[in-house]
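Work through the exercises below with the sequence and the 3D structure at hand. Try each task before reading its solution.

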Amino acid sequence: MRRTAKHNATVLSFADFSGGINVMTTGDLIAANEMQQCQNFWFLGNQRSLQPRGGISSMLGSADAEILSVYYDNDSNTFLAFDVDGGVYHVSSDGRDLDKVGKLTGKQKPVCAKFKDVIWIASGGKLQFYDYAEDSLSTVLDGPTCDMVFQRFARLCVSMSGTDRITYSATGDGTDWEQDDNDLSKSQWVDIGYGDSGDIIAVAPLATDLMILKNNGMIYQLTGDAEVASWAVYRIATETDAVGRQAALPVGNDVVFISRGGLKTLSTTMDYGNIATAEIGQKFNLLVTQSQFDPQIVHLRRRKLLLVRPTEDKSYWLAYNYAVGAATTLHFPLQVTDIVETQDRLMLAAGAALYEILDTNTTDDGAAIDYAIRLKDTVSSEKIIVRSIDTDAQAEQAGTVKVHVDNIALDMPTNRRRKVRCNHTTPKMEISLAGSSPFLLKHVLVEVADL
């Protein structure tokens, strides 16, 4: 009698991958819907199925120097790019034409905000604005020096890293920064945690309030309405280890920020204090904190994705879908400095050029895309007999995915189902899939028995 006939078989099913990656525990203790590795896949919108990321196009338009960041305003369909030498460009909707309109007054990565039908720009120098109707860039010569800008209660608001102060423009006029103690509609200011030895590094709106993050780990809440007399400042958190002016932004009803301890949120609550902090990267924070350097976070609203670049390596990003609550990793062949969603495109900046990510692209400008998944390990008290492996995948065109079960390598199709019988014995079953053809994985079924 054959050895395999003596043992009752069990089918292990891996069909739900909605848990995303979990690198915070050993591979045999993660949930069945989690993965140890998931590269170049992501969850889009409310879909709980893994989608392969699209490929990068050939180079579109280019700037005079390396692109520092990009900005897009959906209401006016305005696309701006900024280079490391301070150049400011108006970009065509397809990313092919970059028209230089002027130069930044500062040297920091710009922060932009729309107010009164123009785009305001803070870069560490004098406040500027781009008039998209006139295609012109102007500087507010008697305005404040700032590297953060946003609008609140019909006023433009600015701050400068290394200070405690938020300054408000006159009501309805982002060019008027004159102060008058007898006229509350003129420019106003408020100090945040004055004397606490920390400086403002990020400001983000939460509901009707402002959350102000400082480099000493403290977070403050600025409350009130349009009436100056109603403004009040409260300290709501300490020792958060928040980092960087590129590392905090509003997402729905929360503020998401990167700290030295991982990815966290600030949320409104009915409990005492009104605002609560929480961890959202419990399953992947090791990837956020390991070798952390000047981290960056990008929000792709329509895709419900937060893209996090945690390290100095700009080719490596995390893709966290906050609707599904799961993360994957992305690896690009380029050093990506910024990513932005326009009305109908997903654009990225690398070097001095712009590129587009397209679902219809199966390569990165001709280079293969490395797709990789590693599933939950299976451990037995004795040994496991692997009797068969069954995969089902979906793809627009035929391709091959390499399925590894320990040291066994099988070529399985990316566009149909296939079952392979085997007789493999192992104390710990490790399953991984890798390929260069995009595919949607529907299931992996493994027939096993204890020896």
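**Exercise 1. Accessibility**

Task: Does Cys38 count as buried or exposed, and at what relative accessibility? Then classify Cys422 and Ile408.

Solution. Begin with the source of the values: this is a predicted model, in which local features need pLDDT of at least 70 and side-chain atom pairs count only at pLDDT 80 or more, while totals for chains, interfaces and linings use all residues. Residues are numbered from 1 along each chain as its sequence is written, and side-chain values use heavy atoms, with hydrogens and water left out.

Step 1. Fix the classes: buried means under 20% relative accessible area, exposed means over 50%, and partly exposed lies in between (1.4 Å probe, protein chains only).

Step 2. Apply them. Cys38 has a relative accessibility of 1%, so Cys38 is buried. Cys422 has a relative accessible area of 22% and is therefore partly exposed. Ile408 is partly exposed because its relative accessible area is 22%.

Step 3. Turn to the whole chain. Of its 451 residues, 54% count as buried.

**Exercise 2. Disulfides**

Task: How many disulfides does the structure hold?

Solution. A disulfide is a covalent bond between the sulfur atoms of two cysteines. The criterion used here is a pair of cysteine sulfur atoms within 2.5 Å. The structure holds zero disulfides.

**Exercise 3. The chain as a whole**

Task: How many helices and strands are in the protein chain, and what box do its C-alpha atoms fill?

Solution. Step 1. Helices (H or I, at least four residues) and strands (E, at least two) are DSSP runs, numbered from the N terminus. The protein chain has one helix and 41 strands.

Step 2. Along the principal axes, the C-alpha atoms fill a box of roughly 100 × 50 × 30 Å.

Step 3. Take one pair of residues as an example. Ile408, in strand β38 (residues 408–413), is 319 residues from Tyr89 along the chain, and their C-alpha atoms are separated by 53 Å.

**Exercise 4. Two open sheets**

Task: What is the strand order of the open sheet that contains β20, and of the one that contains β32?

Solution. Step 1. Strands of a sheet pair through backbone hydrogen bonds, either parallel or antiparallel. Two strands pair here if DSSP finds at least two bridges between them.

Step 2. One open sheet of four strands runs β20-β21-β22-β23, with antiparallel pairing. Its edge strands are β20 and β23 (232–237), each of which pairs on one side only. Neighbouring strands of this sheet are turned by 25° against each other on average, direction ignored; the axes are lines fitted to C-alpha atoms, for helices over the stretch in contact, and angles run from 0 to 180 degrees between N-to-C directions. Six bridges join β20 to β21 (residues 209–214), and Ala204 stands opposite Met211 in β21.

Step 3. Another open sheet of four strands has the order β7-β34-β33-β32, and its pairing is antiparallel. The edge strands are β7 (55–56) and β32, each pairing on one side only. At one edge, two bridges join β7 to β34 (residues 353–358), and Ile56 faces Ile357 in β34. At the other edge, β32 is joined to β33 (residues 346–350) by five bridges. Those two strands form a hairpin with four residues between them, and Glu341 stands opposite Leu346 in β33. Six of the six residues of β32 are buried.

**Exercise 5. The largest pocket**

Task: What is the volume of the largest pocket, and which residues lie nearest its centre?

Solution. Step 1. On a 1 Å grid over the protein atoms alone, a pocket is an open set of points where a 1.4 Å probe fits, with protein on both sides within 12 Å along at least five of seven lines; lining residues have an atom within 4 Å of a point. Grid points are joined across faces, edges and corners, and a volume is the space filled by probe spheres set on the points.

Step 2. The largest pocket has a volume of about 1500 Å³. It is lined by 40 residues, and Tyr71, Val111, Cys112, Leu249 and Arg301 lie nearest its centre. Among the elements that give two or more residues to this lining are β20 (200–206) and β32 (336–341).

**Exercise 6. A positive phi**

Task: What is phi of Lys116, and where is Lys116 found?

Solution. Most residues other than glycine have a negative phi. Phi of Lys116 is near 55°, a positive value. Lys116 is in the loop between β12 and β13 (118–122), and is exposed, because its relative accessible area is 55%.
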